[in-house]
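Subject: Structure handover

Hello,

Here is the structure we talked about. Please open it alongside this message.

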Amino acid sequence: MQYSYFIIIFLLVLSALFSGLTLGLMSLNPSDLRRKIKIGNKNAIKIYPLRRRGNLLLTTLLVGNVAVNSILAVHLGSLTTGIYASIIATTLIVFFGEIIPQSLFAKHALKFGAKFTWLVYIFLYLFYPITKPISYVLDKTIGGEIPNSYSKKELHLLVEEQKSLGKSDLKDHEYAIIRGGLVFSEKRVKQVMTPARNCCVVNSNVSLTRSALVNLQKKGHSRIPVYDKKAKRVIGILYAKDLISIDPAENISVKKIMRKEVFHIHDHDKLDRVLNMFKKKRLHLFIVLNHKNKFAGIVTLEDVLEEIVGEIVDEHDHVVDMRLLDA
Ligand code: ADP
């Protein structure tokens with residue numbers, strides 16, 4: 001009699017482990033596990049080789065669970081008979097064999113799952129002749145794991161969620177950069193450019209006299225678009241660093257010293273494209289055109305980067321944001 005109780009307890013524990021492991025291990029996503037392995041999570045390292053073969057693992061755990069529950073029912077039947085046997089068997093199996101272990105494993109899948117991989121391996125090899133053909137058919141018909149893929153919006157929400165949970169080691173500024181990186185490409189040049197009315201430009205026919213140089217220096221910009229009134233367009237860029245060697249007495253014209261390489265983009269272009277162009281062209285300032293191909297403003301590398309990392313204030317900036325000068 002005592003021997004039978006011992007067997008029933010042993011079978012109940014086994015049943016609990018099978019159902020807990022089924023829910024726990026199957027709820028772990030292989031891509032999540034791979035990421036955890038990359039950061040050295042020991043539990044993930046133990047679980048992944050099993051979880052990787054999803055259908056084989058599932059078949060093993062289910063075959064094990066059903067087998068144990070059936071043997072358990074038979075043993076309980078040998079202790080009592082009739083309606084009592086089925087009520088006792090159902091109550092024991094449902095509470096101790098299913099509900100309690102599943103709820104525990106659902107909460108601590110990684111920790112508990114890793115503790116019992118040895119048990120899973122025993123049954124994996126024990127049931128292999130039965131489970132391998134079943135899982136092979138499942139792999140061929142239903143297929144293996146489909147890797148998780150997140151849209152940009154989902155990623156954004158995921159990071160936001162992690163941030164609001166307060167458990168992540170993500171710092172405020174890191175969160176801001178990630179968020180900026182995810183949303184900046186949706187923005188258009190028009191939203192970040194310095195509009196033409198706030199741009200410091202110089203006319204192409206201006207001579208670089210002392211007062212002109214002082215004026216330009218006062219503006220404090222590294223690059224100044226050179227506007228040609230006749231052509232009604234920007235024909236070059238005057239670089240502040242090129243003015244250092246200028247002799248004011250020579251009255252050199254802006255046209256002579258400006259650099260002719262001007263790159264135009266449209267005000268409706270998206271910022272990820274513009275950032276790529278900045279990298280490709282190795283320039284820091286683009287001239288923005290509107291839908292009529294007219295000069296609409298300028299956009300610099302800093303304007304785009306600020307959308308990712310937040311406001312950058314130059315050490316020599318008089319105005320914090322040129323774009324909002326008259327706002
Ligand atoms: P700078 O080196 O002249 O400060 P940045 O590329 O660092 O230029 O840009 C800083 C801010 O100044 C940006 O918002 C940019 O649009 C604006 N900016 C740059 N050049 C000019 C200019 N010539 N006229 C008006 N605003 C400018």
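My notes on the domains, sheets, loops, one pocket and one buried residue follow.

Please keep in mind that this is a predicted model.

Domains first. The assignment splits the chain into domain 1 (2-141), domain 2 (152-185) and domain 3 (187-324). The centres of domain 1 and domain 2, taken over C-alpha atoms, are 36 Å apart.

Next, the four-stranded sheet. This sheet is open, its pairing is mixed, and its strand order is 1-7-6-5. Strand 1 (194-195) and strand 5 (264-266) form the edges, each pairing on one side only. Strand 1 runs antiparallel to strand 7 (residues 295-300), with two bridges between them. To find the pairing on screen, go to P195, which sits opposite G297 of strand 7.

Two helices go with this sheet. Helix 15 (residues 301-309) packs on the sheet and touches strand 1 and strand 7. Its direction makes about 65° with that of strand 7. Helix 14 (residues 271-281) lies across strand 5, strand 6 (285-289) and strand 7. Helix 14 runs at about 135° to strand 6.

One loop here deserves a look. N293 lies between strand 6 and strand 7. The phi of N293 is near 60°, a positive value in a residue other than glycine.

Now the three-stranded sheet. This one is also open and mixed, in the order 2-3-4. Strand 2 (202-203) and strand 4 are at the edges; each has a single partner strand, so one side of each has no neighbour in the sheet. What encloses strand 4, then, given that open side? Six of its seven residues are buried, so strand 4 is largely enclosed by the rest of the structure.

The pairing within this sheet goes both ways. Strand 2 and strand 3 (223-228) are parallel, over two bridges. N203 faces Y227 of strand 3 in that pair. Strand 3 and strand 4 are antiparallel, over six bridges. There, I224 stands opposite L238 of strand 4.

Strand 3 and strand 4 also make a hairpin, with four residues between them. K232 is in the loop that leads to strand 4 (233-239). Its phi is positive, near 55°, and K232 is not a glycine. Is K232 buried or exposed? Its relative accessibility is 57%, so K232 counts as exposed, the cut-off being over 50%.

S135 gives the opposite case. This serine is in helix 8 (residues 128-141). At 1% relative accessibility, S135 counts as buried, because buried means under 20%. Which residues does S135 touch, leaving aside its neighbours within four places in sequence? The contacts are N55, L56 and T59.

Last, the second largest pocket. The space in this pocket is about 290 Å³. Its lining consists of R35, I39, Y150, L155, L158, V159, Q162, L170 and I178. Which helix gives the largest share of that lining? Helix 9 (residues 152-165) does, with four residues.

If you only have a few minutes, start with the hairpin of strand 3 and strand 4. Then turn to helix 14, where it lies across strand 5, strand 6 and strand 7. Finish at the pocket, with helix 9 in view.

Best wishes

Conventions: Residues numbered from 1 in each chain as written. Predicted model: local features only at pLDDT ≥ 70, side-chain atom pairs only at ≥ 80, totals over all residues. Heavy atoms only, no water. Domains from an automatic or database assignment. Pairing = 2+ DSSP bridges. Contact = heavy atoms within 4.5 Å. Axes fitted to C-alpha atoms, helices over the stretch in contact; angles between N-to-C directions. Buried < 20%, exposed > 50% of the residue type's maximum accessible area, 1.4 Å probe, protein only. 1 Å grid on protein atoms, 1.4 Å probe; cavity = no way out; pocket = protein on both sides within 12 Å on 5 of 7 lines; lining within 4 Å. Points joined across faces, edges and corners; volume = space filled by probe spheres on them.
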